[in-house]
Amino acid sequence: IENVLFHRLIKGYLIQGGDFVKFDGTGCYSIFGGLPFADEDTEQKHFAGALSMANAGVANSNGCQFFITTAEDASFLDGKHVVVGQVIDGMDTVGKIEEVPVVGRDFKPLRMVTVEECGQLL
């Protein structure tokens with residue numbers, strides 16, 4: 001996921017991005033004909049640095065959005081979102097992203113924050 005915006009930054013909770021459809025958190029697209037897809041495994045526990053699929057607030061509504069948890073205790077997310085990975089290196093960068101000023105109930109960043117480069121560990 002490169003050149004994708006973070007559209008929601010909630011300090012002490014999460015940073016969210018991946019909406020390459022509408023760029024504001026309301027877009028949804030997947031490789032399954034653009035439609036939302038089912039949860040795969042909601043048994044994984046959330047922790048600071050967990051990378052999870054964002055959904056529409058109900059089970060089996062995953063699309064293109066993701067979030068990185070920044071809360072030390074994020075157990076309230078367990079069973080509701082699928083953890084797909086974790087930040088291995090760079091939580092200091094995640095912390096800097098959290099410091100970007102936001103506006104409104106949607107916690108929209110006042111500056112553009114994008115993923116310019118990412119990696120994958122197999």
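Strands, like helices, are runs assigned by DSSP and numbered from the N terminus, a strand having at least two residues. The structure described here is a predicted model. Its open sheet consists of six strands with antiparallel pairing, and its largest nonpolar core comprises 10 residues. The briefing covers the sheet, the cores, one pocket and three individual residues.

**The sheet**

- The six strands of the open sheet follow the order 5-3-4-2-1-8, and they pair in the antiparallel sense.
- Strand 5 (83-86) and strand 8 (114-115) occupy the edges; each has a single partner strand, so one side of each is left without a neighbour in the sheet.
- Strand 3 (residues 50-53) is joined to strand 4 (residues 66-69) by three bridges, in an antiparallel arrangement.
- Within this pairing, L51 of strand 3 stands opposite I68 in strand 4, and S52 has F67 as its bridge partner in strand 4.
- Strand 3 also pairs with strand 5, again antiparallel and over three bridges; here A50 has Q86 of strand 5 as its bridge partner.
- Strand 2 and strand 4 run antiparallel and are joined by four bridges, with I15 bridging to I68 in strand 4.
- The side chains of strand 4 divide between two directions: F66 and I68 point one way, F67 and T69 point the other way, and all are buried.

**The nonpolar cores**

- The largest nonpolar core is made up of F6, L9, I15, F66, I68, V94, I97, V100, V113 and V115.
- Strand 1, strand 4 and helix 1 (91-98) are the elements that each give two or more residues to this core.
- Another core lies apart from the largest one; it has six residues, among them A54, A71, A74 and L77.
- V94, a member of the largest core, is in contact with I15, I68, T70 and V87 when neighbours within four places in sequence are left aside.

**The second largest pocket**

- The volume of the second largest pocket is about 640 Å³.
- Its lining consists of 35 residues, and H7, R8, Q16, G25 and Q65 are those that lie nearest the centre of the pocket.
- By class, 17 of the lining residues are nonpolar, 12 are polar and six are charged.
- Strand 1 (4-10), strand 2 (14-17) and strand 7 (108-109) each provide at least two residues of this lining.
- The most is given by strand 1, which supplies four residues.

**M53, a buried residue of strand 3**

- M53 is located in strand 3.
- Residues under 20% relative accessible area are classed as buried; M53 has a relative accessibility of 14% and therefore counts as buried.
- Not counting residues up to four places away in sequence, M53 touches F37, N62, G63, Q65, F66, F67, H81, V82 and V84.
- Of these contacts, F66 also belongs to the largest nonpolar core, and Q65 is one of the residues nearest the centre of the second largest pocket.
- M53 and G85 are 32 residues apart along the chain, and their C-alpha atoms are separated by 9.6 Å.

**L110 and F107, two loop residues**

- L110 is found in the loop that lies between strand 7 and strand 8.
- The cut-off for an exposed residue is over 50%; L110, at 55% relative accessibility, therefore counts as exposed.
- Leaving aside neighbours within four places in sequence, L110 is in contact with V100, P101, V102 and V103.
- L110 and V100 are separated by 10 residues in sequence and by 7.2 Å in space, from C-alpha to C-alpha; V100 is a member of the largest nonpolar core.
- F107 is placed in the loop between strand 6 (102-103) and strand 7.
- With a relative accessible area of 30%, F107 is partly exposed.
- The phi angle of F107 is near 55°, a positive value in a residue other than glycine.

How values were computed. Residues numbered from 1 in each chain as written. Predicted model: local features only at pLDDT ≥ 70, side-chain atom pairs only at ≥ 80, totals over all residues. Heavy atoms only, no water. Pairing = 2+ DSSP bridges. 1 Å grid on protein atoms, 1.4 Å probe; cavity = no way out; pocket = protein on both sides within 12 Å on 5 of 7 lines; lining within 4 Å. Points joined across faces, edges and corners; volume = space filled by probe spheres on them. Nonpolar A, V, L, I, M, F, W, Y, C, P; charged D, E, K, R; others polar. Core = buried A, V, L, I, M, F, W, Y, C linked by side-chain atoms within 4.5 Å. Buried < 20%, exposed > 50% of the residue type's maximum accessible area, 1.4 Å probe, protein only. Contact = heavy atoms within 4.5 Å.
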